[in-house]
Amino acid sequence: MTQALLDIHVERKTFATTTVLSNIRLQLQPRETVSLLGPSGCGKSTLLRIVAGLERDFEGHLLSDTEQLAFVFQEARLMPWLTVQQNIGFSEDDDYDEAWVAHLIDEVGLTGFADILPKALSGGMAQRVAIARGLYSRPRVLLLDEPFSAVDAFTRMKLQDLLLQLAERHDIALLLVTHDVDEALYLSDRVLMMDTRPSSIRHELTVQLEHPRDRRDPLLARLKAVALGELHSAHVI
Amino acid sequence: MSSHSKDLSSPRLALSLPSKAPPFNPDWRLRLKGLALPVLIILVLEIIVRIGWLPSYQMPAPSEIALTLGDLAEGALWKHISASLLRVLLGFAIGASLALIFAAWVGLSREAEAYLEPTFAGLRSIPSLAWVPLLLLWLGIDETSKVVLIAIGAFFPVYLNGVAAIRNIDRKLVEVGHMYGFNRRRLVRRILLPAALPGLFPGLRSGMSLAWMFLVAAELIAATKGLGYLLSDGRETSRPDIVLAAIIVLAVLGKLSDGILAGLEKRFLAWRDTFTGTEE
């Protein structure tokens, strides 16, 4: 078995007196896509923030190389005073690699928008820029916190396909937080279903389907039924 | 004929569009609209004074004020303007720079806030003109006391808006910097400073207008030149035309300095996605 890109064990994570996460173990293999599925407030975003190193106060251990991680937030979080290309090269100030940025702009389908300010972008376009910014540092792992929850259903499907293409092309593993069952199943190799507070991983679903997948695949429908059943018995829905 | 079939006769509609195009470009039309009210006021005043409803020794006609301004412009006006302008710019530069430094310090560090903010809040509650006697005692009646008073006047609006601007920065943008492991200096340069800029300009602009206010206060009290001196000179010699001429010059200079700041604001903050008003 190859070396995991990410190995985290959260024994306990508390906010004040509330325990948010307890006893969660998660590994991410190269090129793997894993989704954390659960309702709002179940602590899945907190788990992602711990992995990203944004949250350091927890009991447990984290094995990862932060140099190899990149984060895509729920909102695009572009700097509104910078153009699209400056946002993508943001991590290297003004000395960013222009050719690489131009390449990424083409790859996320924003050719010709390099000098546009974020205010002129739609939500979906802004999220494309955010993904390109995540890819700029050539990460091995992309962490995504409900990245498509703010865009309409059609844009979401397009962005999901784009994300899978990019992950494949750049050899990137994805760890994705979502509350969308369809999204989790369509994108992932493994779906980790989380309990409500204090959260732990309640159930793991493996999606054994090759990419590119068909959204209408009966296996996805069957797995969705299983997932909904689990969520129901966890009193999430 | 129903309105529906009217819509179908669109050639007429299409033809009427070009003729409705504005004769000037819209920017100029907006500016001309801004001139309408002042022109109206001047005309009405001129008429009222000419037909004798207002005594001209109290309210000189606008044309008379224009003549006085013309006379002054050939003589001492430029000396007064340059004296006042120098004081305002110097006082504003000192006050605003100190304010920006302290605002950055207090805004960025809760420790600094705990130490400094109560003191500044106390100093702020002193009406700034209360400093005048003290400044005169300590610094005398020459330039220093005037510049210091103007600096005090400009300080607080810039400081207050500066702190608020930093504290209003979107935490989510700052987190992007943390994600990239930015150190403090880089965080300030790349995220905090540009993100605070929109909140900073209102402070600079009201600081500038307070600087003009305190200039007049300082020059009314003790000065041998400057626009405030011109004001008190006009009062002492019972020349309302001189007083009004000085007021007009102050208005023009105030508007110009604010216009420069507004221009900078527009230039630096073109990226903002804000409501700019409707056409009507």
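How are α8(B) and α10(B) oriented to each other? I opened the notebook with this point, working on a predicted model.

**Entry 1: α8 and α10 of chain B**

I looked up helix α8 (residues 143-167) of chain B and helix α10 (residues 184-221) of chain B, whose axes come within 7 Å and cross at roughly 155°. Angles over 145 degrees count as roughly antiparallel, and α8(B) and α10(B) are therefore roughly antiparallel to each other. I recorded the crossing of α8(B) past α10(B) as right-handed. I then sorted the residues of this contact by class and noted 20 nonpolar, 7 polar and 1 charged.

**Entry 2: B:F201**

I next selected B:F201, which belongs to helix α10 of chain B. Is B:F201 buried or partly exposed? I noted B:F201 as partly exposed, because 18 C-beta neighbours lie inside 10 Å, whereas a buried residue needs 20 or more. Setting aside neighbours within four places in sequence, I found B:F201 in contact with B:L261 and B:E265. I also checked B:A262, which is 61 residues from B:F201 in sequence. The C-alpha atoms of B:F201 and B:A262 are 8.1 Å apart in space.

**Entry 3: α11 of chain B**

Which residues of α11(B) are buried? I listed B:L227, B:G228, B:Y229, B:L230 and B:L231 as buried in α11(B). I traced what these buried residues pack against and found α5 (77-108), α10 and α12 (240-268) of chain B. I then examined the pairing with α5(B): the axes of α5(B) and α11(B) are 7 Å apart, and the two helices pack at an angle of about 130°. I entered α5(B) and α11(B) as oblique to each other, because the angle of about 130° is not over 145 degrees and lies outside the range of 65 to 115. On the α5(B) side, I found that B:H80, B:I81 and B:S84 make the contact. On the α11(B) side, B:L227, B:Y229 and B:L230 make it. By class, I recorded 4 nonpolar, 2 polar and no charged residues in the contact of α5(B) with α11(B). Just after α11(B), I noted a positive phi of about 50° at B:S238.

**Entry 4: B:K225**

I located B:K225 in the loop between α10 and α11 (227-236) of chain B. I classed B:K225 as partly exposed because it has 16 C-beta neighbours inside 10 Å. Which residues is B:K225 in contact with, leaving aside its neighbours within four places in sequence? I found B:K79, B:H80 and B:A83. For B:L32, which is 193 residues from B:K225 along the chain, I recorded a C-alpha separation of 35 Å.

**Entry 5: chain A and its contact with chain B**

I turned to chain A, where pLDDT averages 89 and 98% of the residues score at least 70. Where in chain A is confidence lowest? I found the lowest mean, 83, in strand β9 (residues 201-206) of chain A. Confidence is highest in helix α2 (residues 84-88) of chain A, at 96.

Within strand β9 of chain A, I picked out A:T206. I classed A:T206 as exposed because it has 10 C-beta neighbours inside 10 Å. The C-alpha atoms of A:T206 and A:I131 are separated by 26 Å, and the two residues are 75 residues apart along the chain.

Last, I checked where the chains meet: 12 residues of chain A are in contact with 12 residues of chain B. I sorted the side of chain A that touches chain B into 7 nonpolar, 1 polar and 4 charged residues.

Key:
Residues are numbered from 1 along each chain as its sequence is written. Chains are lettered from A and ligands numbered from 1 in the order in which they are written. This is a predicted model: local features need pLDDT of at least 70, side-chain atom pairs count only at pLDDT 80 or more; totals for chains, interfaces and linings use all residues. Axes are lines fitted to C-alpha atoms, for helices over the stretch in contact, and angles run from 0 to 180 degrees between N-to-C directions. Helices (H or I, at least four residues) and strands (E, at least two) are DSSP runs, numbered from the N terminus. Angles under 35 degrees count as roughly parallel, over 145 as roughly antiparallel, 65 to 115 as roughly perpendicular and the rest as oblique. A crossing is left-handed if the near helix is turned anticlockwise from the far one by less than a right angle, and right-handed if clockwise. Ala, Val, Leu, Ile, Met, Phe, Trp, Tyr, Cys and Pro count as nonpolar, Asp, Glu, Lys and Arg as charged, and the others, Gly among them, as polar. pLDDT is the predictor's confidence in each residue, from 0 to 100. A residue is buried if 20 or more other C-beta atoms lie within 10 Å of its own, exposed if 12 or fewer, and partly exposed in between; C-beta atoms are placed from the backbone. Two residues are in contact if their C-beta atoms, placed from the backbone, lie within 7 Å.
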